[in-house]
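Biologist: I should like to examine a structure and ask how its descriptions are justified. Please show it.

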Number of protein chains: 2
Amino acid sequence: MLSPAEADQVFSALADATRRDILRRAMAGSEGVAELAERYPMSFAAVQKHVAVLERAGLVAKERAGRRKLVVTQVERLKQAQRLLDEYEALWRGRIERMSDILEGPQGGAA
Amino acid sequence: MLSPAEADQVFSALADATRRDILRRAMAGSEGVAELAERYPMSFAAVQKHVAVLERAGLVAKERAGRRKLVVTQVERLKQAQRLLDEYEALWRGRIERMSDILEGPQGGAA
DNA sequence: CATTGATACAACCTACTGGTTGTATGACGG
DNA sequence: CCGTCATACAACCAGTAGGTTGTATCAATG
């Protein structure tokens, strides 16, 4: 669903509070880069770079709106990341079950 | 649930394929650092550093077992990350509802 | 078509990351 | 207690990330 390289990109994009905030604001999809930039204590270009990171990770896209470009989150990528974490958690549950098997002894044990 | 700084640590820990793999292996919780290290094409010390990153992020802990230390994943942190992504997705759903409100027109509109 | 507003991009700097090797600590076996 | 296995840590290096400023493109407007 997410290749290892894509997962790298998605998680490292999420590993920055400013980018997570941009992602949240981009849910509404009504702000351009300039509007976003006003909200953070850094230069316009810095915010632009953050948006570019999110875009490369597939977490947002830009839509032309006149002379602006609106930043909108791509919720599908977010869901893919969720699913990856779900898989890990499923593995964990599997581990518990396997441990239970062991604790219940070899009655139904290996052939 | 996760402070911004903690979220930074968790996601940046997850943003590396080797570390995600270690995390999965650590679900079984029966391997020490040395056993893990054998599986990756890098030095023991490099794997040790990856484990340290996961540990600082709270995603794994080490349990002493004789002269070894077993690396075990802390599933609670994983769940906290999941919940964070759930929150984002909930925001998205909220956006959809708000958009529907708008599309349905101002019958119940602003006072 | 010149100006202005919004975005993009390049060059640069500093700090951190991911890897290396080498050395030190800690726990068990003889 | 001496050796050895397992882990930890420090020093170092190359590459990348996150910030800066400055310049260039692109679209609307007079």
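Biologist: What makes up the area that chain A exposes?
Modeller: Chain A exposes about 6300 Å², of which carbon and sulfur atoms supply 51%. Accessible areas come from the Shrake-Rupley method with a 1.4 Å probe, and for residues only the protein chains shown count as cover. This is a predicted model, in which local features need pLDDT of at least 70, side-chain atom pairs count only at pLDDT 80 or more, and totals for chains, interfaces and linings use all residues. Residues are numbered from 1 along each chain as its sequence is written, chains are lettered from A in the order in which they are written, and side-chain values use heavy atoms, leaving out hydrogens and water.

Biologist: Why is E89(A) called buried?
Modeller: Buried means under 20% relative accessible area (exposed is over 50%, partly exposed in between; 1.4 Å probe, protein chains only). E89(A) has a relative accessible area of 13%, so E89(A) is buried.

Biologist: Where does E89(A) lie, and which residues is E89(A) in contact with, leaving aside neighbours within four places in sequence?
Modeller: E89(A) lies in helix 5 of chain A, residues 75–103; helices are DSSP runs of H or I with at least four residues, strands are runs of E with at least two, and both are numbered from the N terminus. With those neighbours left aside, E89(A) is in contact (heavy atoms within 4.5 Å) with V75(B), L78(B), K79(B) and Q82(B).

Biologist: How many helices and strands does chain A have?
Modeller: Chain A has five helices and two strands, in the order α-α-α-α-β-β-α from the N terminus. Buried residues are 41% of its 111 residues.
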